[in-house]
Amino acid sequence: MTSPRIAAPVAGAATGAVLLAGVYLVLAPWLTHFGGAGILALSNTVTGLVLVALAIARTATPRARPLTWVVAVLGAWAGLSLVVLRPTWVTWPSAGALVGNVVAAAVVVLGGAVLLTRA
């Protein structure tokens, strides 16, 4: 059992990581080359905006803590969207875009898991 002195900084660090990954997902279509995968860019933008909003809400009010499970689900979606929204008729996203999405998804899933245990 962890003490509140340890749990608060860990949850804060996890929330910060989720916030930064969300900002990356919003900016990723412009930072990396997504080719013609507009639907993937839209998915990243919406997913990133929701992650940023959830991270801010979780920091601002304790009433948002029951929504923490959504963070892990959105992280899984950020990783799976590469396969589910696979562009077949357009140029594939660059390797940097694919790796960036996978890394951001892993950070969000791990951050969501930490936040679920610290809720």
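Leaving aside neighbours within four places in sequence, which residues is Val71 in contact with? In this predicted model, the list runs to Val18, Leu51, Leu54, Val108 and Gly112. Val71 itself sits in helix H3, and its relative accessibility of 4% puts it under the 20% cut-off, so it counts as buried. One further distance helps to place it: the C-alpha atoms of Val71 and Leu110 are 9.6 Å apart, with these positions 39 residues apart along the chain.

Stepping back to the whole chain, the fold is all about helices: there are four of them and zero strands. Read from the N terminus, the order of elements is simply α-α-α-α. The chain has 119 residues, and 39% of them count as buried. As for what faces outward, about 6600 Å² is exposed, and carbon and sulfur atoms supply 76% of that area. Contacts reach well along the sequence, too. Taking those with a separation of 6 or more, 71% are between residues 24 or more positions apart.

Two of the helices can be checked for length. Helix H2 covers residues 38-60. Its 23 residues, at 1.5 Å each, should span 33 Å, and the end C-alpha atoms are indeed 33 Å apart, so expectation and model agree. Helix H4, residues 95-118, passes the same kind of check: 24 residues should give 34 Å, and the distance between its end C-alpha atoms is 34 Å.

The interior is where Val71 turns up again. The largest nonpolar core has 16 residues, and the members that touch the most others are Val18, Leu51 and Val71. Elements giving two or more residues to this core are H1, H2, H3 (68-84) and H4. H1 gives the most, with five residues. Apart from this core lies another one, made of seven residues, among them Ala28, Phe34, Leu40 and Ala97.

Leu51, another of the well-connected core members, belongs to helix H2. With a relative accessibility of 0%, Leu51 is under the 20% limit and therefore buried. Beyond its neighbours within four places in sequence, Leu51 is in contact with Val18, Gly22, Leu25, Val71, Leu74 and Val108. The C-alpha atoms of Leu51 and Thr15 are separated by 9.7 Å, and the two residues are 36 positions apart along the chain.

Gly22 shows up among those contacts of Leu51, and deserves a look of its own. It is placed in helix H1, residues 4-31. Gly22 has a relative accessible area of 0%, so it is buried as well. Once neighbours within four places are set aside, the contacts of Gly22 are Gly48, Leu51 and Val52. For the pair Gly22 and Gly48, the C-alpha atoms are separated by just 4.0 Å, although the residues are 26 apart along the chain.

On the H2 side, the buried residues are Leu40, Ala41, Ser43, Asn44, Thr45, Thr47, Gly48, Leu51, Val52, Leu54, Ala55 and Arg58. That list includes Gly48, Leu51 and Val52, the contacts of Gly22 named above. H2 also has something to show on the outside. Leu42, found in this helix, joins Ile39, Val46 and Val50 in a nonpolar surface patch, and together the four have about 330 Å² of accessible area. On spacing in general, an α-helix has 3.6 residues a turn, so residues three or four places apart point the same way.

H4 has its own buried set: Ala97, Gly100, Asn101, Ala104, Ala105, Val108, Gly111, Gly112 and Leu115. Two of these, Val108 and Gly112, are on the contact list of Val71, and Val108 is also in contact with Leu51. Val114, likewise placed in helix H4, tells another story. Its relative accessible area is 28%, which lies between the 20% and 50% cut-offs, so Val114 is partly exposed. Not counting residues up to four places away, Val114 touches Val10 and Ala14. The C-alpha atoms of Val114 and Ala14 are separated by 6.6 Å, with the residues 100 apart along the chain.

Note on methods
Residues numbered from 1 in each chain as written. Predicted model: local features only at pLDDT ≥ 70, side-chain atom pairs only at ≥ 80, totals over all residues. Heavy atoms only, no water. Patch = residues over 30% accessible without salt bridge, like charges linked within 9 Å, V, L, I, M, F, W, Y side chains within 5 Å. Areas by Shrake-Rupley, 256 points an atom, 1.4 Å probe, with all protein chains shown as cover. Salt bridge = Lys/Arg side-chain N within 4 Å of Asp/Glu carboxyl O. Helix = DSSP H or I, 4+ residues; strand = E, 2+ residues; numbered from the N terminus. Expected span 1.5 Å × (residues − 1). Buried < 20%, exposed > 50% of the residue type's maximum accessible area, 1.4 Å probe, protein only. Contact = heavy atoms within 4.5 Å. Core = buried A, V, L, I, M, F, W, Y, C linked by side-chain atoms within 4.5 Å.
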